[in-house]
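Welcome, and thanks for opening the viewer. Let's walk through this structure together, one selection at a time.

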Amino acid sequence: MAARPDDLEIVPRRPEFAIYEAMRHRRYWLQDDPVLTHFINALQALFPEGERFFIDSARDVRDQVGEENLSEQLRADLQDFIRQEAWHGREHEVWIEALEELGYTRLGESMARMKKQREWAREHISAINRLAMTAASEHLTASIARLLLEKRPDLLDGADRPMRDLLAWHALEETEHKSVCFDLYQAAGGGYVRRCLALVIEWADLFYQTHTRHRYLLRKDGLWNWRTRLRVLRDIWGPRGVAGAVLPYALGYFKPGFHPWQTDERAAFKAKYGDLIEALSES
Ligand SMILES: [Fe+2]
Ligand SMILES: [Fe+2]
């Protein structure tokens, strides 16, 4: 089984992006395409609360297991993971505020609902179950990062800046910390069946949450007609769409000996976005 590479650095960067100005300039900032643009907008709307859920779960399991029972490396990685996710949540919130400014006000309301659900989950779902969900979600975000690198670079390269930069930064950091919650889950004694069930739940939840927001954004623009519905089916959720392309990566999680570092995308990221990464590291 693969494990965390010895030379891995999880670097919490602190970039800031002027999203609103860019979106006001061009509402359909991804290839001038409302279906693709609003799909990515819908995904972003899940991140702030989702990432807080991940942080809570990791902290709660760490505290239950006891820091002294975790390796020094994993303790350090957890700190860096939390720092990275906290900043992601902040920048994705800026993204949602920009969309609210543009008139998509229901996204803010749905964030408030997600906050309540997160608080409910913390009280009613055990920490190890929440961490299983987190590890599964982290696999999905790492899979999306891989998709942007390998199969659908057009989703980054066709995006206006600074949205492209934000997406590339997030994808890189999701890659860097992709095994932290998985390793913590294993260190806490989490097993195979639970983590697989968690992936099924998280995949279904991601589908539902993204699709409802996607539909809302398109409907708000008066674009939710049969033509758009067919495109959403074909280009997003169908076997040849974005989700169809992520699926093979996602399914790797069901292999009993799976570990996130069985694939390593860091060199490919550096080759393509080396300059951007350097600039962000300095900011
Ligand atoms: Fe993140
Ligand atoms: Fe993450």
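In which helix does T212 lie? Select T212 and you will land in helix α10, which covers residues 192–220. Keep in mind throughout that this is a predicted model. T212 counts as exposed because it has 11 C-beta neighbours inside 10 Å, and a residue with 12 or fewer falls in that class. Now add L8 to the selection: its C-alpha atom is separated from that of T212 by 37 Å, with the two positions 204 residues apart along the chain.

Next, go to helix α8, residues 163–176. Here the surroundings are mostly covering, with 13 of the 14 residues buried. Try the distance tool on its end C-alpha atoms: they are 20 Å apart, which agrees with the 20 Å that 14 residues should span at 1.5 Å a residue.

Stay here and colour the largest nonpolar core, a set of 43 residues. The members touching the most others are F39, L148, A159, L167 and A168. Helix α8 gives this core its largest share, 7 residues. Then pick A159: beyond its neighbours within four places in sequence, A159 contacts W29, L30, R164 and L167. Another core, of 26 residues, lies apart from the largest one and includes A58, I128, L131 and V180.

For the last stop, show helix α6 (residues 127–150) and helix α9 (residues 180–187). Their axes come within 8 Å and cross at roughly 150 degrees, in a left-handed crossing. On the α6 side, select L131, A132, T134, A135 and E138; on the α9 side, C181, F182, L184 and Y185. By class, this contact has 7 nonpolar, 1 polar and 1 charged residues.

Definitions and conventions. Residues are numbered from 1 along each chain as its sequence is written. Chains are lettered from A and ligands numbered from 1 in the order in which they are written. This is a predicted model: local features need pLDDT of at least 70, side-chain atom pairs count only at pLDDT 80 or more; totals for chains, interfaces and linings use all residues. Helices (H or I, at least four residues) and strands (E, at least two) are DSSP runs, numbered from the N terminus. The expected span of a helix is 1.5 Å times one less than its number of residues. A residue is buried if 20 or more other C-beta atoms lie within 10 Å of its own, exposed if 12 or fewer, and partly exposed in between; C-beta atoms are placed from the backbone. A nonpolar core is a set of buried Ala, Val, Leu, Ile, Met, Phe, Trp, Tyr and Cys residues joined through C-beta atoms within 7 Å. Two residues are in contact if their C-beta atoms, placed from the backbone, lie within 7 Å. Axes are lines fitted to C-alpha atoms, for helices over the stretch in contact, and angles run from 0 to 180 degrees between N-to-C directions. A crossing is left-handed if the near helix is turned anticlockwise from the far one by less than a right angle, and right-handed if clockwise. Ala, Val, Leu, Ile, Met, Phe, Trp, Tyr, Cys and Pro count as nonpolar, Asp, Glu, Lys and Arg as charged, and the others, Gly among them, as polar.
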